[in-house]
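Here is a small set of exercises to work through with the model open in your viewer. Try each task yourself before reading its solution.

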Amino acid sequence: MTVNTQPVTERPDPRAFGLPVVEQAQIPAELRSLVARVHDLVDAVANTEADTDTLAEAAATVEGVTGRLNVARRQIGTMVQRDLQSGDVEYGTITNIVSGDTNPAAPPLLLERTPEGLRGEVTLNTVYQGPPGLVHGGWIAALLDQAVGSVSAVETTPGLTAKLEVNYRRPTPLFTPLEVTAEVDRVEGRKVFVSGRIRAHGEVTAEATALMVQVRIPGTETQQG
Ligand SMILES: CCCCCCCCCCCC(=O)SCCNC(=O)CCNC(=O)[C@H](O)C(C)(C)COP(=O)(O)OP(=O)(O)OC[C@H]1O[C@@H](n2cnc3c(N)ncnc32)[C@H](O)[C@@H]1OP(=O)(O)O
């Protein structure tokens with residue numbers, strides 16, 4: 001791996017950019033429970049064949065609960081600080097659609113550091129369905145984008161996806177543990193070349209290569225190129 005970038009120890013703190021940061025351990029258990037219940041609710045709604053009286057009652061109940069929760073909303077861009085088992089600190093948006101702690105629509109994908117990069121496991125239900133019984137191709141890309149973006153952020157500094165190429169090798173099944181891995185291949189100035197894979201039953205179902213461009217950090221332009 002060619003490394004020509006900022007040392008990891010200089011990873012920017014989102015607070016310096018005016019973004020609120022919530023420590024993962026400080027997310028209340030009650031909120032985590034609510035997120036899990038609503039995650040299950042989305043699946044139930046997507047698949048229900050309940051009678052119309054039950055549907056109308058459920059809609060009214062959910063509308064009421066939504067109103068009560070909307071009384072106090074977080075600032076857009078709120079970040080969560082995660083302390084990885086490896087001792088690294090990672091920041092992500094708290095509502096990130098793939099891995100956000102408070103997003104009931106997130107599967108969620110939780111990634112941990114390995115000697116090669118990052119690794120996580122996720123099992124998707126019919127909310128993520130594309131073809132019958134299979135994961136939607138856009139969601140496969142989303143999982144891979146998150147994994148390669150995260151490995152770039154953890155191993156170098158945070159960036160945005162400039163280019164993502166996905167090869168769909170085999171159908172990716174629902175209700176099956178999927179292994180997601182990502183690694184940094186090389187770094188050239190602000191350009192971080194990364195790759196990722198999804199495996200089901202040990203077989204690669206999709207793989208991606210991507211270019212992440214590191215975010216410009218004020219005061220470091222000459223180091224970053
Ligand atoms: C803290 C939280 C962490 C949290 C952890 C993060 C996990 C998040 C994972 C999800 C990631 C996302 O979804 S990100 C969201 C989707 N992506 C986006 O919205 C990005 C939209 N695009 C952009 O904003 C911009 O194009 C950028 C930032 C990518 C690049 O703009 P820039 O910063 O002005 O840089 P620029 O000078 O143009 O390019 C720098 C170098 O990269 C090359 N380059 C740029 N784009 C491309 C390209 N598509 N293909 C080839 N090469 C390219 C240029 O030629 C140049 O090479 P050279 O001349 O230097 O050789």
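**Exercise 1.** Which residue forms a salt bridge with Arg82, and how far apart are the closest N and O atoms?

*Solution.* Before we start, note that this is a predicted model, in which local features need pLDDT of at least 70 and side-chain atom pairs count only at pLDDT 80 or more, while totals for chains, interfaces and linings use all residues. Residues are numbered from 1 along each chain as its sequence is written, and side-chain values use heavy atoms, with hydrogens and water left out.

Step 1: apply the criterion, a side-chain nitrogen of Lys or Arg within 4 Å of a carboxyl oxygen of Asp or Glu. The partner of Arg82 is Glu90, with the closest N and O atoms 2.9 Å apart.

Step 2: check the burial, where buried means under 20% relative accessible area, exposed over 50%, and partly exposed in between (1.4 Å probe, protein chains only). Glu90 is buried at 11%, and Arg82 is buried at 9%.

Step 3: widen the view. Arg82 and Glu90 belong to a salt-bridge network with Arg32 and Asp101. The whole structure holds 12 salt bridges.

**Exercise 2.** Find the salt-bridge partners of Arg119 among Glu121 and Glu179, and say which parts the Glu179 pair ties together.

*Solution.* Step 1: Arg119 meets Glu121 at 2.9 Å, N to O.

Step 2: Arg119 also meets Glu179, here at 2.6 Å. Because Glu179 lies in strand 7 and Arg119 in strand 5 (residues 118–122), this pair ties together parts that are 60 residues apart in sequence. Strands here are DSSP runs of E, at least two residues long, and helices are runs of H or I, at least four, numbered from the N terminus.

Step 3: Arg119 is partly exposed at 31%, Glu121 is partly exposed at 47%, and Glu179 is partly exposed at 21%.

**Exercise 3.** Describe the surroundings of the ligand, starting from the residues that come nearest.

*Solution.* Step 1: collect the shell, meaning residues with a heavy atom within 4 Å. There are 15 residues around the ligand, and Tyr91, Asp145, Thr161, Arg190 and Lys191 come nearest.

Step 2: look for polar contacts (pairs of N or O atoms within 3.5 Å). A polar side-chain atom of Asp145 sits 2.8 Å from a ligand oxygen. A polar backbone atom of Thr161 is 3.1 Å from a ligand nitrogen, and a backbone N or O atom of Ala162 is 3.2 Å from a nitrogen atom of the ligand.

Step 3: assign the shell to elements. Helix 3 (137–155), strand 6 (159–168) and strand 9 (203–214) each give two or more residues. Helix 3 gives the most, with five residues.

**Exercise 4.** Where do Phe175 and His201 lie, and what is the sign of phi at each?

*Solution.* Step 1: Phe175 is in the loop between strand 6 and strand 7 (178–188), with a positive phi of about 55°. His201 is in the loop between strand 8 (191–200) and strand 9, with a positive phi of about 50°.

Step 2: compare with the general pattern. Most residues other than glycine have a negative phi, and most peptide bonds are trans.

Step 3: Phe175 is exposed at 57%, and His201 is exposed at 70%.

Step 4: turn to the peptide bonds. Pro107 and Pro108 are joined by a cis peptide bond, with omega about -10°. Pro108 lies in the loop between strand 3 (89–93) and strand 4 (110–113).

Definitions and conventions:
Polar contact = N/O pair within 3.5 Å; in protein donor to acceptor, adjacent residues only side chain to side chain.
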